[in-house]
Amino acid sequence: MGRSRRTLPEELLLLALDPATGTTAQPQSLDLGLAGAQLVELALAGRIAPDGDRIAVVMARPTGDPTLDSALELLRRRGSPVRAVHWIGGPRLGLRQTYLSHLERCGMVHAVAGQMCGVLPTTRYQATESVICREIRSRLDSAIRTGVPPDPRTAALAALAHAVGLGKHLYPGNEGRSSRSRLRDLIRHDPMGGLVAHAVMDVQNGVAAQPRRGPAAGGRPQSTVPMQPQSQSQSRRDGMARLAAH
């Protein structure tokens, strides 16, 4: 994989950077999105492929991107396809900082040191390649505005942006409501991006541990809804009913 093309994790991170504050929008869900974006990028590179709701390695040859290759090697070591929600929901300590540091080395962002409350050291990041940021944003805007099915990379980026909650960051307020809705609809244009985006949302909703039952309408696998435990009073009523029946 050549480094002339930005990867999806890099593009997602640039989309999330707030030019006014130098911080990233939706930081917690963004970490999940970056892990998901790695999966989509590896799929676009022909290294992995979806197997139902699981991810299978189909070519273990390195891509040339150290961060992606680390993820690919971890997937290869699993030895069998892994569920997307389990992969995305796993520990990804430092992944966002890894990509921020990479973007800084590439000259695409500039780190600005500061302090919080005059004591705690902080680091904010300002995008320096505004042309690149505008190009990424214009791809999403064009897909939303024209309704023309986007290329798989843009469709996956849109799906991930929706999944991590960047819609309100990119298209704020009531005037952005229709754009946020169309951003969500772009999720159907790339199967891998859709699988990963739904997995990101499932992890956020706390259903990662539940098995999938099968495809639902529209092609998305359904998540099993865990049964809620009975209250003590309900348990007592059930027990009394069973005694009465005998």
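Colleague: Leaving aside neighbours within four places in sequence, which residues is D190 in contact with?

Modeller: This is a predicted model, in which local features need pLDDT of at least 70 and side-chain atom pairs count only at pLDDT 80 or more, while totals for chains, interfaces and linings use all residues. Residues are numbered from 1 along each chain as its sequence is written, and side-chain values use heavy atoms, with hydrogens and water left out. D190 is found in the loop between helix 9 (177–185) and helix 10, helices being DSSP runs of H or I with at least four residues, numbered from the N terminus. Taking contact as heavy atoms within 4.5 Å, D190 is in contact with V40, P152, A155 and A156.

Colleague: How far away is the nearest side chain of opposite charge to D190?

Modeller: D190 is buried, meaning under 20% relative accessible area with a 1.4 Å probe and protein chains only. D190 has no salt bridge, a term for a side-chain nitrogen of Lys or Arg within 4 Å of a carboxyl oxygen of Asp or Glu. The nearest side chain of opposite charge, counting Lys and Arg as positive and Asp and Glu as negative, with His and the chain ends not counted, belongs to R153, at 9.8 Å.

Colleague: How many of the 18 residues of helix 2 are buried?

Modeller: Helix 2 covers residues 27–44, and its end C-alpha atoms are 25 Å apart, which agrees with the 26 Å expected at 1.5 Å a residue, where that length is multiplied by one less than the number of residues. Helix 2 is largely enclosed by the rest of the structure, because the number of its buried residues is 13 of the 18.

Technical notes. Helices (H or I, at least four residues) and strands (E, at least two) are DSSP runs, numbered from the N terminus. Buried means under 20% relative accessible area, exposed over 50%, partly exposed in between (1.4 Å probe, protein chains only).
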